[in-house]
Amino acid sequence: MKQTIRTLALVLACALALSLCACGRTGKPKNSYSQPQVERLALEQPQSATVQNGGYDLPDGGYVWEQTRENGYLRIHVNAEVSAPTAPLATLGVTANGFTQAQITGLFNSLFAGQNVTATVGENVQTKDEIKTQLDKMKQALEDGTYAEDGFSREEYEKAIQEQEEAYRNAPVNSTSEQVVSDGTMRQTDQGSGIFFALDAKSEPGSQFGVRSYPAGHASELQSTCSYTRTGAPDYGMANAVLYREGETLPQQAQGKLTVSYPEAQALSDGLLKAAGLDATLLAAYVVDNAQTGETDGIVQSAEHSAYSFLYERVVSGAPVAADAWEDNTAESRPWNCEQIQITVDDEGIAAFYWREPLTLTGETVQGGTLITFPQAKEIFETIAPIAYGAQTSSANPSLDRVEIDLNVTSVQLSLLRVWAGEGAERAEKTGSLVPVWVFYGDVVDQVFWKDGTSYDAYYRQGMNGAGGSAFRKGPTIVFAINALDGSVIDPSVGY
């Protein structure tokens, strides 16, 4: 399905490119579809003083568009702010080289100011005594039947006990790790997949800070990540997240549970990134809570606490670098997720921090040519998106009646998007380029209906070619992306 949709989008992009360039010509161009590149389609554009001067014909008052297709099964809702940087855009070489020690030290000192912090050194594995304690609880749960409360069948739970017994036989008597005073320095580690840098730190109150930093050249499925969780912080999630803009009234469910002001919360969040020496700009803010739906662990809990969740984009050479809330670690393609920076702030301060896949500039630069304007990007979106998404409302599955899709676009931004170098199996390492792209941010909601009258609950998923059938969380995902240099459609889920 993914390749079929992409091929369709590319053919349509080619046709649209020709129509946009046909002004002032007579007759049909020869070889209109001659040897189109599979991953890039050239889009000729007339030189425009507007574009050369840094203006991209941005609309006043935003971009609004409503469209219903496929017998009402596809509904597209666009109510988006449109923005573009004032700095000239160039194509920049990038790689994944992990975090710098200066970045980690800055974060560490800001998060743990005045606190005593220790770090785990050595392999952190469970001892026989620790596993036995868990094993005894599991056997008791099997005996009294309470294992079923966690959604296990008896057969599944007996298998889990067998696995735990095997772990007990192989576990060391004494811990092979030790706790040492930490100043935030990452330690060189080698667990058989090559040398990387790690830090597992914990403050006296119990706040945790973890880093895995993989230098360039590591297998692409190994992600560099940095995370922090404040001790006792509620487990905030995106299940009930509401997109929030400064000055709006708090959602009803957050009123009385979130008293810190939005400016104060954002200042705290911005300050943490400044401490890391990170140039970033806010992409979106959400109001979130700690409600539990029971989907993963069977625990259902109403929201007791609320917080602001800030999602950022890196800024490189004055331009934002497109971010995406989703993670795609499927076997279909070697994963290289977009960089993501998310900070959660509640009434007690910073509750959580997450940073994945930081980009490192290689120094290679190609000055940008003429970029397509927003009206041109808008026409490509309005032509291709309904067909690309519309194709997903039906299926060859004889038991499936239909899939209903709501495509929501909340912002459009001319930014830099990381694309992978090479194609397919050749992309063994994380090297690529930041290219100018018109990015359409929003979310996609699917609902599957079967011919027997049953249906799945509506679920959020990744963008244009996202993994259907898997529930994801809300968040700004790239629902459509257009190369601003040639007008081709880029699929962020596969990196090109």
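Analyst: A residue counts as buried when its relative accessible area is under 20%, and as exposed when that value is over 50%, with partly exposed in between. The model discussed here is a predicted one.

User: Why is D446 counted as buried?

Analyst: The relative accessibility of D446 is 3%. This value is under the 20% cut-off, and D446 is therefore classed as buried.

User: Where is D446 found, and which residues does D446 touch beyond those up to four places away in sequence?

Analyst: D446 belongs to strand β20, which spans residues 431-450. Its contacts outside that sequence window are V403, E404, I405, D457, A458, Y459 and R461.

User: What makes S317 exposed, and where does S317 lie?

Analyst: S317 has a relative accessibility of 57%, which is over 50%, so the term exposed applies. S317 sits in the loop that runs between β14 (306-316) and β15 (319-320).

User: What is notable about phi of S317 and of E70?

Analyst: For S317, phi is near 55°, a positive value in a residue that is not glycine. For E70, phi is near 50°, again positive in a residue other than glycine. The sign deserves mention because most residues other than glycine have a negative phi.

User: How is E70 classed by relative accessible area, and why?

Analyst: E70 has a relative accessible area of 38%. That value is neither under 20% nor over 50%, so E70 is partly exposed. The residue is part of the loop between β1 (63-69) and β2 (74-83).

User: What makes P375 partly exposed?

Analyst: The relative accessible area of P375 is 40%, which falls between the two cut-offs of 20% and 50%; P375 is therefore partly exposed. P375 is located in helix α7, residues 374-390.

User: Which residues are in contact with P375, and how far apart in space are P375 and P59?

Analyst: With neighbours within four places in sequence set aside, P375 contacts Y56 and D57. P375 and P59 are 316 residues apart in sequence, and their C-alpha atoms are 8.5 Å apart in space.

User: How do you know whether α4 is roughly parallel or antiparallel to α5?

Analyst: Helix α4 (residues 128-144) and helix α5 (residues 154-170) pack with their axes 10 Å apart and at an angle of about 160°. An angle over 145 degrees counts as roughly antiparallel, so α4 is roughly antiparallel to α5. The crossing of α4 past α5 is left-handed. The residues of this contact comprise 10 nonpolar, 3 polar and 7 charged. Among them are I131, L135 and M138 in α4, and Y157, I161 and Y168 in α5.

User: Which residues in the largest nonpolar core touch the most other members, and what makes a set of residues such a core?

Analyst: A nonpolar core is a set of buried nonpolar residues joined through side-chain atoms within 4.5 Å. The largest has 47 residues, and Y63, F381, V412, W438, F440, F480 and I482 touch the most other members. Elements that each supply at least two residues include β1, β2, α7 and β20. The largest share, 9 residues, is from β19. Another core, of 37 residues, lies apart from it and includes L199, Y228, L273 and A276. In soluble globular proteins, nonpolar side chains tend to be buried together.

User: How many helices and strands are there in the protein, and what share of its residues counts as buried?

Analyst: The protein has 7 helices and 22 strands. Of its 496 residues, 48% count as buried.

Conventions. Residues are numbered from 1 along each chain as its sequence is written. This is a predicted model: local features need pLDDT of at least 70, side-chain atom pairs count only at pLDDT 80 or more; totals for chains, interfaces and linings use all residues. Side-chain values use heavy atoms; hydrogens and water are left out. Buried means under 20% relative accessible area, exposed over 50%, partly exposed in between (1.4 Å probe, protein chains only). Contact means heavy atoms within 4.5 Å. Axes are lines fitted to C-alpha atoms, for helices over the stretch in contact, and angles run from 0 to 180 degrees between N-to-C directions. Angles under 35 degrees count as roughly parallel, over 145 as roughly antiparallel, 65 to 115 as roughly perpendicular and the rest as oblique. A crossing is left-handed if the near helix is turned anticlockwise from the far one by less than a right angle, and right-handed if clockwise. Ala, Val, Leu, Ile, Met, Phe, Trp, Tyr, Cys and Pro count as nonpolar, Asp, Glu, Lys and Arg as charged, and the others, Gly among them, as polar.
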